[in-house]
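Subject: Handover of a structure, with notes on what was found

Dear colleague,

Please find below the structure that I am handing over to you, together with its sequence. My notes on it follow.

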Amino acid sequence: MKIMLPVDGSAASLAAVQHALQLVADGLQAQFVLANVQEPPSLYEVVVAHDVEVLDEVRTAAGADLLQAAEAMLEGGRHAYESEVAGGEPGHMLVDLIESYGCDAVVLGATGMGNSSAALGSVALALLHHSPVPVTVVRSPPPEQDG
């Protein structure tokens, strides 16, 4: 089984990776595809940077940086994985990646890096509506309480 793990560096996305690793610990045979999708550059960014290639390099480096924690989790358990940093609208791009990598399932965090108090983020909703494979949504871990 090949499982897509969308990662944006949020606690919820890393909780989703941990959930997938627990499935493997419980006996599931799986390989993983880690994916980070960077939003396309805004008109302002294009005008200021004057070079779309530079913007692409910066976004690719940012995406690779956000994947590092998840890659470390998979490497620590010696799990097979592939990584992809893509650019575009996250919901649509992840559906394309699911199909191109031949994934059988998706495990992702309920919300991402956005400051939304919604139960589900826009990417989770998009995948629930459009994914060609089953989607497991993992809630964010509860915040640490002082005391």
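In these notes, two residues are in contact when they have heavy atoms within 4.5 Å of each other. Please keep in mind that this is a predicted model.

With that meaning of contact, I begin with Q38. Setting aside its neighbours within four places in sequence, Q38 is in contact with R59, A62, G63, L66, V85, A86, G87 and G88. Q38 lies in strand β2 and has a relative accessible area of 14%, which is under the 20% limit, so Q38 counts as buried. Its side chain also makes a polar contact, at 2.6 Å, with the side chain of N36.

Overall layout

The chain holds five helices and five strands. Read from the N terminus, the elements follow the pattern β-α-β-α-α-β-α-β-α-β. The chain has 147 residues, of which 37% count as buried. Among contacts between residues at least 6 apart in sequence, 75% join residues at least 24 apart.

The sheet

The five strands form an open sheet in the order β3-β2-β1-β4-β5, with parallel pairing. β3 and β5 (135–138) stand at the edges with a single partner strand each, so one side of each has no neighbour in the sheet. On average, neighbouring strands of this sheet are turned by 20° against each other, direction ignored.

Three of the pairings may help you to find your way through the sheet:

- Strand β1 (residues 2–6) and strand β2 (residues 31–38) are paired in the parallel sense over five bridges. I3 has F32 as its bridge partner in β2, and P6 stands opposite A35 in β2.
- β1 and β4 are paired in the parallel sense over two bridges, with M4 opposite V106 in β4.
- β4 and β5 are paired in the parallel sense over four bridges, and here V107 stands opposite T136 in β5.

How far are β2 and β4 covered? In β2, seven of the eight residues are buried, so to speak of this strand as mostly covered is fair. In β4, five of the five residues are buried, so this strand is largely enclosed by the rest of the structure. Both faces of β4 are covered: on one side lie the buried residues A105, V107 and G109, and on the other the buried residues V106 and L108.

Helix α5 on the sheet

Helix α5 (residues 122–130) lies across β1, β4 (105–109) and β5, and runs at about 160° to β4. Which residues of α5 are buried? They are A124, A126 and L127. These residues cover an arc of only 160° around the axis, and therefore lie on the same side of α5. They pack against β1, α4 (90–101), β4 and β5. The face of α5 turned away from this buried side carries S122 and H129, which are exposed.

The nonpolar cores

The largest nonpolar core has 18 residues, and those that touch the most other members are I3, L5, V7, V17, F32, L34 and V107. At least two residues of this core come from each of β1, α1 (11–25), β2, α3 and β4. The largest share, six residues, is supplied by α1. Not counting residues up to four places away in sequence, V17 touches L5, V7, A70 and M73. Another core, of 16 residues, lies apart from the largest one and has M4, L94, I98 and C103 among its members.

Several residues of the sheet thus appear again in the cores. I3, the bridge partner of F32 in β2, belongs with F32 to the largest core. V107, which stands opposite T136 in β5, is also a member of the largest core. M4, which stands opposite V106 in β4, belongs to the other core.

A residue in a loop

Finally, I draw your attention to R78. This residue is placed in the loop between α3 (52–76) and β3 (81–87). Its phi is near 55°, a positive value in a residue other than glycine. Is R78 buried or exposed? Its relative accessible area is 78%, which is over the 50% limit, so R78 is exposed.

With kind regards

Methods:
Residues numbered from 1 in each chain as written. Predicted model: local features only at pLDDT ≥ 70, side-chain atom pairs only at ≥ 80, totals over all residues. Heavy atoms only, no water. Buried < 20%, exposed > 50% of the residue type's maximum accessible area, 1.4 Å probe, protein only. Pairing = 2+ DSSP bridges. Axes fitted to C-alpha atoms, helices over the stretch in contact; angles between N-to-C directions. Arc of directions from axis to C-beta. Polar contact = N/O pair within 3.5 Å; in protein donor to acceptor, adjacent residues only side chain to side chain. Core = buried A, V, L, I, M, F, W, Y, C linked by side-chain atoms within 4.5 Å.
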